[in-house]
Amino acid sequence: VSVHDEVLRCVSREMQLTQSPIICVDKGIHKGESENLSVICTDDRSGLESAVEHLRVLGHQRVALLTGQRSTQIANRRGEILQSLLSERGMAVDEN
């Protein structure tokens, strides 16, 4: 269990006690842990595809992705998607 998961569980318990709503973005708590919990998941592939295509049309050949901590699942997923999209278009990822 990650620290992040434990924090979400603690927050969820507090929200249940106070009857306050909570919204998680791209990270949920298991169903049944909180009735006051809503989860919003982003469509990373679609968003990155739109961004890459926009940059390609503008003539850019290299693209960098700023993700914050590279160790997170979200950062890794977005990096993999970007690599795939860029290679499909003959573009390069700027690793610096």
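Glu88 has a relative accessibility of 52% and therefore counts as exposed, since the threshold for that class is over 50%. The model described here is predicted, and the account below follows Glu88 and its charged partners before turning to Asp44.

Side chains of opposite charge can pair when their charged atoms come close. Glu88 meets the side chain of Arg45 in a salt bridge, with an N to O distance of 3.4 Å. Because Arg45 lies in helix 2 and Glu88 in helix 3, which spans residues 73-88, this pair ties together parts of the chain that are 43 residues apart in sequence. Arg45, at 34% relative accessibility, counts as partly exposed.

Glu88 also forms a salt bridge with Arg89, where the closest N and O atoms are 3.7 Å apart. Arg89 in turn meets Glu53 through a salt bridge of 3.2 Å, again taken from N to O. That pair links distant parts of the chain, with Arg89 placed in the loop between helix 3 and strand 4 (92-93) and Glu53 in helix 2, 36 residues apart. Arg89 is partly exposed at 25% relative accessibility, and Glu53 is likewise partly exposed, at 27%.

The three salt bridges described so far are set out below.

| Residue | Residue | N to O distance |
|---|---|---|
| Arg45 | Glu88 | 3.4 Å |
| Arg89 | Glu53 | 3.2 Å |
| Arg89 | Glu88 | 3.7 Å |

These residues belong to a wider arrangement, in which Arg45, Glu49, Glu53, Arg56, Glu88 and Arg89 are linked in a network of salt bridges. Across the model, the count of salt bridges comes to 7.

Asp44 is also found in helix 2, which covers residues 44-57. Is Asp44 buried or exposed? With a relative accessibility of 9%, Asp44 counts as buried, because the limit for that class is under 20%. Once its neighbours within four places in sequence are left aside, Asp44 is in contact with Arg77, Arg78 and Ile81. For one of these partners, Ile81, the C-alpha atom is separated from that of Asp44 by 7.8 Å, although the two residues are 37 residues apart along the chain.

Taken together, helix 2 contributes the buried residue Asp44 as well as Arg45, whose salt bridge with Glu88 reaches helix 3, and Glu53, which pairs with Arg89 in the loop between helix 3 and strand 4.

Methods
Residues are numbered from 1 along each chain as its sequence is written. This is a predicted model: local features need pLDDT of at least 70, side-chain atom pairs count only at pLDDT 80 or more; totals for chains, interfaces and linings use all residues. Side-chain values use heavy atoms; hydrogens and water are left out. Helices (H or I, at least four residues) and strands (E, at least two) are DSSP runs, numbered from the N terminus. Buried means under 20% relative accessible area, exposed over 50%, partly exposed in between (1.4 Å probe, protein chains only). Contact means heavy atoms within 4.5 Å. A salt bridge is a side-chain nitrogen of Lys or Arg within 4 Å of a carboxyl oxygen of Asp or Glu.
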